Amino acid sequence: MKAEVSAAIEDLRKQFPAATLNTRDDGQGGVYLTVEPVALSDRFVPNKTWVGFHIPAQYPYADIYPMFIGGEVRRADGQGFAPPVTVGHAFEGRPALQISRRNSMAQNGKQKVCAKVLKVLDFLERSA
């Protein structure tokens, strides 16, 4: 695992101190990672889930994309999800919702994995 990827994992541990981080090396210097539990608002049932993603070896000069949350998550109002949140995916063998929020500026500057996770969680609260 590259040093930058390892540092990103440590940043996630600080950002989510009550969570468990599960990692699997990708064999190229990156890692597949899940953070669990992550809190969602009461707009979702359940209101805690996991978030998963791949940190590529090119990090921090690559986007963290796509991201996934537990496939059991539903909107509390009963409405379905609409793109960019899509159902029927899997991440690390677990049923998942895919959240497609690409950062088109990823190649132009350093990315921060914590910032990306927080942006995606904020997007869910505002838009999903």
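This briefing covers the sheet, the nonpolar core and helix 1 of the structure above. The model is predicted, so local features need pLDDT of at least 70 and side-chain atom pairs count only at pLDDT 80 or more, while totals for chains, interfaces and linings use all residues. Residues are numbered from 1 along each chain as its sequence is written, and side-chain values use heavy atoms, with hydrogens and water left out.

**Sheet**
- Six strands (DSSP E runs of at least two residues, numbered from the N terminus; pairing requires at least two DSSP bridges) form an open antiparallel sheet in the order 1-2-4-5-8-7.
- Strand 1 (20–25) and strand 7 (85–91) are the edge strands, each pairing on one side only.
- Strand 2 (residues 31–39) and strand 4 (residues 48–55) pair in the antiparallel sense over seven bridges, and Leu 33 stands opposite Phe 53 in strand 4.

**Nonpolar core**
- The largest nonpolar core (buried Ala, Val, Leu, Ile, Met, Phe, Trp, Tyr and Cys residues joined through side-chain atoms within 4.5 Å; buried means under 20% relative accessible area, exposed over 50%, partly exposed in between, with a 1.4 Å probe and protein chains only) has 32 residues.
- Leu 12, Val 35, Phe 53 and Ile 55 have the most contacts inside this core.
- Helix 2 (113–127) is among the elements giving two or more residues to the core, and its share, seven residues, is the largest.

**Helix 1**
- Helices are DSSP H or I runs of at least four residues; the buried residues of helix 1 are Val 5, Ala 8, Ile 9 and Leu 12.
- These buried residues pack (contact means heavy atoms within 4.5 Å) against strand 1, strand 2, strand 4 and helix 2.
- The face turned away from the buried side of helix 1 carries the exposed residues Ala 3 and Lys 14.
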